Amino acid sequence: MIDLVSNTLFSSILTRIPPQSAIYIDEPSSECFAFSLKGGISTLLESFNVLNLSSTAVSQSSSKLAFLVSSANAQNILNMHSIIHNTPSIAICTVFTMDSNSVNDFQEHLDNWIDDAIVNVEYIPFNAAIIMSDMFLTPSCCSFFPNFASNVGGDGNSQTSIRKIALNICGVLDTIGLRDEIFACGETAKLVAKSIIGNSSSSERRSSEGTLGVILVQDLVSPILFSDTVLDQMYNSLPRLSKANKDDTLGGYDEDSHLRKEGDSIDIAINPKHVLIDICEDSDSYFPISLSHGSSPQSLALLSALSKSSVKDSMLIVRKRIAEMAQLLDPGYKPKALGKPTLQNIKNILENVVGKEVDGELVLGSGVTMFPEVLQIVAGALNVYEGMTDADYSLISTLNIIRESPTDAVNVVVDLLMQNSPDFPYSADVLYLLSLNACILCNENEVDYILDLLAEKLKMVSDIDEESILELRSKVINIRSHTKPHFNSDGSYLSLLGKIANDIAMNSQHPSWTHIPYGGTLAGVMKGFSRILSTSTKQPHPRDHSNIMIYVIGGISFKEIEYVRDIFKGCGISVMIYLY
């Protein structure tokens with residue numbers, strides 16, 4: 001549902017951009033278009049001269065300017081002013097922003113900067129990138145968490161972030177057009193809910209006959225985020241990709257600027273060596289490719305399958321998908337019985353899709369142009385598969401032990417931290433992840449012991465200094481202070497999102513969320529009186545709605561998403577998951 005809505009919206013934007021315009025786009029907006037618009041950024045490039053807003057390079061050949069920007073932040077305003085100032089002649093200037101609060105700011109700036117030109121500012125009510133058909137992320141907000149305080153109090157920056165998130169959610173809800181009922185889990189989530197309500201009183205969706213249950217979940221750090229699904233491994237092990245560069249065209253990469261800080265981008269940098277003809281000895285010389293799929297149905301289907309599969313099992317899925325592509329290109333092609341998947345037999349099939357070297361000459365396959373988005377995902381999965389070591393599989397086994405039997409978590413992690421082998425296989429990041437999970441699940445008197453062991457081991461395997469050790473300790477203690485783990489009846493770990501899904505499915509009247517009512521309307525007042533006068537004590541419940549949208553303010557794994565999907569599927573509830 002949401003993927004169709006978003007594609008229609010982004011496609012309509014293209015029709016409103018004047019022909020022959022030079023388009024300047026910031027990175028959060030480019031990621032939204034790359035994932036949510038059918039055909040992705042290529043659709044923009046086919047029709048317009050597209051430049052990166054951050055480069056401030058100017059098109060000298062067009063007097064029509066269009067800006068696709070996430071918000072009127074200081075850097076965007078500075079870059080836009082530079083571009084407008086250096087453009088020789090401007091006849092039309094159009095701005096599309098994903099922040100409703102920025103419309104007036106942009107209009108005021110343009111009126112001051114431009115004379116004798118047509119100026120137009122429009123609001124795009126959907127700041128999201130579709131990852132799968134029922135899951136999407138917000139690029140412009142993804143850097144807020146997980147370091148957001150559990151109680152934002154009067155912090156001006158936090159309050160601004162709360163309002164920005166709320167306005168983004170309002171935009172998505174307006175786009176869907178269903179009358180929403182809001183439930184919140186966590187103090188920050190409650191503040192976001194109240195901000196949504198404060199900005200929605202005049203929204204047309206409030207008069208819709210269709211309904212939507214909206215659940216805001218503050219899950220700042222969900223224990224056991226690390227899982228063995230290949231999609232989780234891609235996001236955990238591969239670096240994030242940035243299209244920000246010093247070149248004047250979108251999509252070029254600069255070796256000093258193509259990677260950003262972890263968490264600032266939702267896209268992934270994938271080495272394309274496995275899906276290219278193997279003619280280059282130095283694989284590091286390849287430019288990274290993207291995970292963005294341009295709402296390709298084949299890509300969405302493959303991502304959905306990979307979100308449910310372990311790294312080993314996913315190779316069967318990948319190999320089968322490559323064989324299907326080879327047969328589409330050559331109906332006479334019949335793959336041999338290959339047995340256990342290996343990188344080599346997968347690459348042998350890939351040659352029938354992407355091409356190979358024959359008698360010293362390159363013979364290109366048409367699959368590169370026919371299935372580019374699918375091949376990007378295939379390359380990412382093969383990157384992960386190639387990078388997995390025996391130590392990594394051992395790590396997954398350890399995490400599964402922790403997940404299935406949290407009471408054993410401390411002993412497992414302590415044993416690992418006490419190993420003194422000179423060829424200790426785990427990195428500092430892995431040690432921190434394991435220790436974090438153990439600290440969240442263990443008793444209060446065991447936290448310091450684990451953190452002391454962690455500090456000793458980190459000094460052995462990395463160049464970490466005392467200040468960084470203290471920072472890690474402070475972060476672990478802070479996380480523990482507002483993270484309350486949940487467990488199934490058999491003692492196995494249950495994520496917060498899993499508990500919420502179970503409460504909804506079982507129609508629990510003692511849930512972990514709070515209903516945040518819309519107030520100030522006649523309907524809201526009458527509903528309140530009705531509950532007071534009625535003998536029934538039934539409170540509003542997400543189960544009252546056949547459509548549910550879950551906004552996770554913090555972190556989540558694809559394994560958790562699959563668990564929630566399965567729970568709601570059995571109840572006949574349609575669910576969408578939105579992640580910040």
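The exercises below, each with a worked solution, concern a predicted model.

**Exercise 1.** Work out whether the end-to-end distance of helix α13 agrees with its number of residues.

Solution. Begin with the count, which is 16 residues for α13, and apply a rise of 1.5 Å a residue, with the span taken as 1.5 Å times one less than the number of residues. This gives an expected span of 22 Å. The C-alpha atoms at the two ends of α13 are 23 Å apart, and therefore the two values agree.

**Exercise 2.** Describe how helix α10 packs against helix α13, and state which classes of residue make up the contact.

Solution. Two packed helices are described by the angle between their axes and by the distance between those axes. For α10 (residues 311-329) and α13 (residues 372-387), the angle is about 145 degrees and the axes are 10 Å apart, while the crossing of α10 past α13 is left-handed. Next, list the residues that meet: α10 contributes V311, M315, V318, R321, I322 and M325, and α13 contributes V374, L375, V378, A381, L382, V384 and Y385. Sorted by class, this contact has 12 nonpolar residues, no polar residues and 1 charged residue.

**Exercise 3.** Decide whether α13 is mostly covered or mostly open, and find its part in the largest nonpolar core.

Solution. A residue is buried when its relative accessible area is under 20%, and by this cut-off 12 of the 16 residues of α13 are buried, so that the helix is mostly covered. Among these buried residues are Q376, I377, G380 and N383. Turning to the core, it holds 117 residues, of which F33, L44, I196, L216, I550 and F568 touch the most other members. The element that gives the most to this core is α13, with 9 residues. As for F568, once its neighbours within four places in sequence are left aside, its contacts are A501, I504, I548, I550, I573 and V575. Another core, of 24 residues, lies apart from the largest one and includes A438, I440, L451 and L458.

**Exercise 4.** Determine whether helix α2 and residue D115 are buried or exposed.

Solution. In α2 (residues 27-36), 10 of the 10 residues are buried, and the helix is therefore largely enclosed by the rest of the structure; E27, E31, C32 and F33 are among them. For D115, the relative accessible area is 61%, and because exposed means over 50%, D115 is exposed. D115 is found in the loop between α5 (103-113) and β5 (118-123), and its C-alpha atom is separated by 8.8 Å from that of I90, a residue 25 residues apart along the chain.

How values were computed:
Residues are numbered from 1 along each chain as its sequence is written. This is a predicted model: local features need pLDDT of at least 70, side-chain atom pairs count only at pLDDT 80 or more; totals for chains, interfaces and linings use all residues. Side-chain values use heavy atoms; hydrogens and water are left out. Axes are lines fitted to C-alpha atoms, for helices over the stretch in contact, and angles run from 0 to 180 degrees between N-to-C directions. Helices (H or I, at least four residues) and strands (E, at least two) are DSSP runs, numbered from the N terminus. A crossing is left-handed if the near helix is turned anticlockwise from the far one by less than a right angle, and right-handed if clockwise. Contact means heavy atoms within 4.5 Å. Ala, Val, Leu, Ile, Met, Phe, Trp, Tyr, Cys and Pro count as nonpolar, Asp, Glu, Lys and Arg as charged, and the others, Gly among them, as polar. Buried means under 20% relative accessible area, exposed over 50%, partly exposed in between (1.4 Å probe, protein chains only). A nonpolar core is a set of buried Ala, Val, Leu, Ile, Met, Phe, Trp, Tyr and Cys residues joined through side-chain atoms within 4.5 Å.
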